[in-house]
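Here's a walk through one protein model, pitched at someone who likes to check geometry by eye. Have the viewer open and follow along.

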Amino acid sequence: MNINDVEKVYQEGKNRIEDVEDENELNNLRAELVGKKSSLNSLFSKIKELTIEEKKVFGEKINKARDALNSLIAEKQEKIRQKKLAKKIESEKIDVTLPSRTVTSGAKNPFKLIVDDFVDYFMSLGYEVVEGSDVETDHYNFELLNIPKDHPSRDMQDTFFIDKNRLLRSHTSAAQAHVMERAKGKGPIKVICPGKTYRRDEDVTHSHQFGQIECLVIDENATMGQLEETLTLMLRHFFGENRKVRFRPSFFPFTEPSVEVDMSCFSCEGKGCSMCKHTGWIELLGAGMVNPNVLRLNGFDDEKYKGFAFGIGIDRFAMLKYGIDDIKRIYTNDIDFLKQFSKE
Ligand code: FA5
C-alpha cells in the first residue's frame, strides 16, 4: 500500500460524486465511498501492516480523504435538493394573468327556503325557535299530548317505533311538550318548532320523512281570534295579500276545539281551478286551542292559561308555493330541479 492509493480512491470518488444527478444514486455512492464496506475503510484495515511512522501519515491521509468526500457528498446533496425544488416551483407556477374560472353558487332546497322564511317571519314577531329532536319517547310524542296508550287517535299517525318506548317523532307537536315542561307552568310561551318528522307514508304528496313547523302560544288571554289573525297574516306573507282563511271543524287530541285550515286559492283567487280542485280553497294545516288536558298534563293551570297551536307541513307549503308535482323531488338532490331555486 502506498500513499497514492488513498489519493486514487479520493480522486475516483470525487469524479463519481460530480457525475451523480439523483438523490438515491448519491445515497448508494455514499455507502460505497465512505461506508463500512468502502475502499477507504479497507485501506484502514491494511494500516496494521505499516510502521508506526507510516501509520500516522496514512491514518491522517485516509481521514482527510474521507472528510473531503463527506463534504463533497453533502454539497452535492444540497445541489440536488435545490434543483428538485426549482423544478417543482417551475412546474407549479401560477399564471395570475389567466382569466378566472366561473364560480357558481348552489341553490337552497325549497324545504330550506320555507323553513328560513318561516323562522325570519316568526322571529320578527317575537317568537322563539326551538328544534326538539328527531328521536322521541312515547311520553313526549303521545302521552303528554293527550294521546294515551292504546287510544284510537294514535292510528292517525303510522309511527316508526325504535323499541317499545322510543320512536321517530311523528309530528313536531312533540317539541311542544318539551317547551311546556321547561316553562314549569309559567307563561307566556311563543315558539315555533321546525324540524323533521317521520311516518309510514308514501305517495306523491306524502313521504316517510317530511317536515313540519309547529307553532305554540300560551298566554292568559290567548283566543281563537288571535289564532285566526296569526294564520291569516302568515298565509298572506307566504301566498299574497289577498288570501282569506277558512276554519272547518276537525279533531286533534291535543287541541279543543280543533280546526282544519283552508286558504283561498292563490292561483285563481278563489274562483276555482285545477290547483284547488275547483273549490276555490286549498286545504293547508291543522290547528286549534290547546286542549286543557294538555295544559294540565304539562304543568299549566288550565283555569289561568289558554293556548293555541298549529302545525304545517313544510313539504306541502313548498309544493304549493313553488308548484312542485312530486314530494320526492325535494329529497333526491336533482341538480336541475334545485337550480330553479338559485338566486343567480
Ligand atoms: C299534525 O301532525 C298535528 N300535529 C298538527 C297540529 C299541531 C294540529 C298543533 C293542531 C295543533 P297532521 O297529521 O294533519 O297534523 O299533519 C300536519 C301536516 O303535515 C299535514 O297537513 C301535511 O301537510 C303534513 N304531513 C303529514 N304527513 C305527511 C307525510 N307523510 N308527508 C308529507 N307531509 C305530511
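What follows goes from domains to the sheet, then to a helix, the aromatic rings and a few backbone oddities.

## Domains

First, a caveat: this is a predicted model. The domain assignment splits the protein into domain 1, residues 3-91, and domain 2, residues 110-339. Measure between the C-alpha centres of domain 1 and domain 2 and you get 83 Å.

## The sheet

Seven strands make up an open sheet with mixed pairing, and the order reads β1-β4-β5-β9-β8-β7-β6. The edges belong to β1 (128-129) and β6, each with a single partner strand, so one side of each has no neighbour in the sheet. As general background, strands of a sheet pair through backbone hydrogen bonds, either parallel or antiparallel.

Now zoom in on β7, residues 255-264. Eight of its ten residues are buried, so the rest of the structure largely encloses this strand. On one side, β7 runs antiparallel to β6 (residues 245-252), with seven bridges joining the two. A hairpin makes the connection from β6 to β7, using two residues. If you want a landmark in that pairing, R248 stands opposite E260 of β7. Strand β8 (residues 281-290) is also antiparallel to β7, and eight bridges hold that pairing. There, M263 has I282 in β8 as its bridge partner.

Elsewhere in the sheet, β5 and β9 (residues 306-313) are an antiparallel pair with eight bridges. One landmark here is L216, whose bridge partner in β9 is A309.

## Around the strands

The loop between β4 (189-198) and β5 (209-219) holds S207. Is S207 buried or exposed? Its relative accessible area is 7%, so S207 counts as buried. A polar atom of the S207 side chain sits 2.6 Å from the backbone oxygen of Q209.

L227 belongs to helix α8, residues 224-239. With a relative accessible area of 0%, L227 is buried. L227 and M289 are separated by 62 residues in sequence, yet their C-alpha atoms are 8.2 Å apart in space.

## Helix α2

Helix α2 covers residues 23-34, and its length is a nice sanity check. At 1.5 Å a residue, its twelve residues should span 16 Å, and the end C-alpha atoms are indeed 16 Å apart. The buried residues in α2 include L26, L29, L33 and V34. These four cover an arc of only 90° around the axis, which means they sit on the same side of α2. The general rule is that an α-helix has 3.6 residues a turn, so residues three or four places apart point the same way.

What does the face of α2 turned away from its buried side carry? That face has the exposed residues N24 and N28. At the start of α2, a side-chain oxygen of D22 comes within 3.1 Å of the backbone nitrogen of N24.

## Aromatic rings

Searching the whole structure turns up 15 aromatic pairs. One of them is F300 with Y305, an edge-to-face pair at 5.3 Å centre to centre with 85° between the planes. F300 counts as buried because its relative accessibility is 4%, and Y305 counts as buried at 5%. F337 and F341 form an edge-to-face pair too, at 5.3 Å centre to centre with 70° between the planes. Both F337 and F341 are buried.

There's also a cluster linked by ring pairs: F118, Y121, F122, Y127, F238, F239, F266, F310 and F317.

## Backbone oddities

In general, most residues other than glycine have a negative phi, and most peptide bonds are trans. Which residues does a cis peptide bond join, with omega about -5°? They are G187 and P188, and P188 lies in the loop between α7 (173-183) and β4. Another cis peptide bond joins E256 and P257, with omega about 0°; P257 is in strand β7.

For positive phi, look at the loop between β7 and β8, where you'll find E269 and K277. Phi is near 55° for E269 and near 50° for K277. E269 is partly exposed, with a relative accessible area of 41%, while K277 counts as exposed at 70% relative accessibility.

Definitions and conventions: Residues are numbered from 1 along each chain as its sequence is written. This is a predicted model: local features need pLDDT of at least 70, side-chain atom pairs count only at pLDDT 80 or more; totals for chains, interfaces and linings use all residues. Side-chain values use heavy atoms; hydrogens and water are left out. The expected span of a helix is 1.5 Å times one less than its number of residues. Buried means under 20% relative accessible area, exposed over 50%, partly exposed in between (1.4 Å probe, protein chains only). The arc is that of the directions from the helix axis to the C-beta atoms. A polar contact is a pair of N or O atoms within 3.5 Å; within protein, one must be able to donate a hydrogen and the other to accept it, and residues adjacent in sequence count only if both atoms are side-chain atoms. Rings of Phe, Tyr and Trp (its six-membered ring) pair if their centres lie within 6.5 Å; planes under 30 degrees apart count as stacked, over 60 as edge-to-face and the rest as tilted. Domain bounds come from an automatic or database domain assignment. Two strands pair if DSSP finds at least two bridges between them.
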